[in-house]
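This report considers the nonpolar core and the aromatic pairs of one protein chain. The sequence and the structure are shown below.

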Amino acid sequence: MSSSSVLSDSSSSAESPDEMLEKMYNKYKKTKNELPKVVLWNCQLTELPAMLQESHPSQFYRRVTKLHLPNNPMLFSPTTTTTVGTTFQLAHFRHSLTELNLSNNQLTEIPIGIADLCELKSLTLAHNSISQLPPWFFDSSICRFQRSLTNLSLESNQLRSIPTEISQF
């Protein structure tokens with residue numbers, strides 16, 4: 001893992017994800033470099049950390065190219081404000097995010113909030129409970145990453161069949 005990554009397991013770290021992201025930001029704010037990867041693993045997130053929100057004054061999200069959020073099922077729980085298919089929004093990452101990992105989050109469907117990520121090259125949705133690919137996934141007027149996506153990981157889901165439209169990627 002690169003030195004600019006954030007790895008957090010809430011059971012083994014005294015720092016919150018926001019505190020770790022703040023440290024990362026302070027380290028890199030003087031450079032023009034993009035951050036290679038932000039990993040927030042098993043953090044019991046119920047929403048994106050403030051540092052990754054569009055409203056944060058630092059606009060830290062503009063430097064994030066790879067975002068890994070595995071093992072954070074509450075981020076997608078119907079009881080949180082970031083419910084799958086409704087308000088889980090990543091549109092503010094539309095021109096920066098090239099890699100997104102949402103593995104092991106008990107997803108039953110692909111969050112439509114990822115559709116705006118026009119630079120996305122790698123999407124990992126492994127180890128969830130996804131049973132089908134939604135129609136918007138194949139609609140280029142909705143799904144902006146169709147031309148850029150080179151890696152799609154869907155292993156260990158509940159897919160019964162792979163639509164023939166997958167060949168357009």
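Is Tyr61 buried or exposed? Tyr61 is buried, because its relative accessible area is 4%; here buried means under 20% relative accessible area, exposed over 50% and partly exposed in between, with a 1.4 Å probe and protein chains only. The model is a predicted one, in which local features need pLDDT of at least 70 and side-chain atom pairs count only at pLDDT 80 or more, while totals for chains, interfaces and linings use all residues. Residues are numbered from 1 along each chain as its sequence is written, and side-chain values use heavy atoms, with hydrogens and water left out.

**Aromatic pairs**

Rings of Phe, Tyr and Trp (its six-membered ring) pair if their centres lie within 6.5 Å; planes under 30 degrees apart count as stacked, over 60 as edge-to-face and the rest as tilted. By this rule there are five aromatic pairs, including the two in the table.

| Pair | Centre to centre | Angle between planes | Class |
|---|---|---|---|
| Tyr61 and Phe93 | 5.8 Å | 80° | edge-to-face |
| Phe137 and Phe145 | 5.7 Å | 70° | edge-to-face |

The pair of Tyr61 and Phe93 links distant parts of the chain, 32 residues apart: Tyr61 lies in the loop between β1 (38–39) and β2 (66–68), and Phe93 in the loop between β2 and β3. Strands (E, at least two residues) and helices (H or I, at least four) are DSSP runs, numbered from the N terminus. Phe93 counts as buried because its relative accessible area is 0%. Phe137 and Phe145 are both buried, and they form one aromatic cluster with Trp136 and Phe138.

**Nonpolar core**

A nonpolar core is a set of buried Ala, Val, Leu, Ile, Met, Phe, Trp, Tyr and Cys residues joined through side-chain atoms within 4.5 Å. The largest one has 41 residues, and among those with the most contacts inside it are Phe93, Ile114 and Leu123. Helix α1 (residues 17–28) supplies the largest share of this core, four residues.

Ile114, in the loop between β3 (99–101) and β4, is buried because its relative accessibility is 0%. Contact means heavy atoms within 4.5 Å; leaving out residues up to four places away in sequence, Ile114 touches Leu90, Leu100, Leu102, Leu123, Trp136 and Phe145. With the same exclusion, the contacts of Leu123 include Phe137, Phe145 and Leu149.
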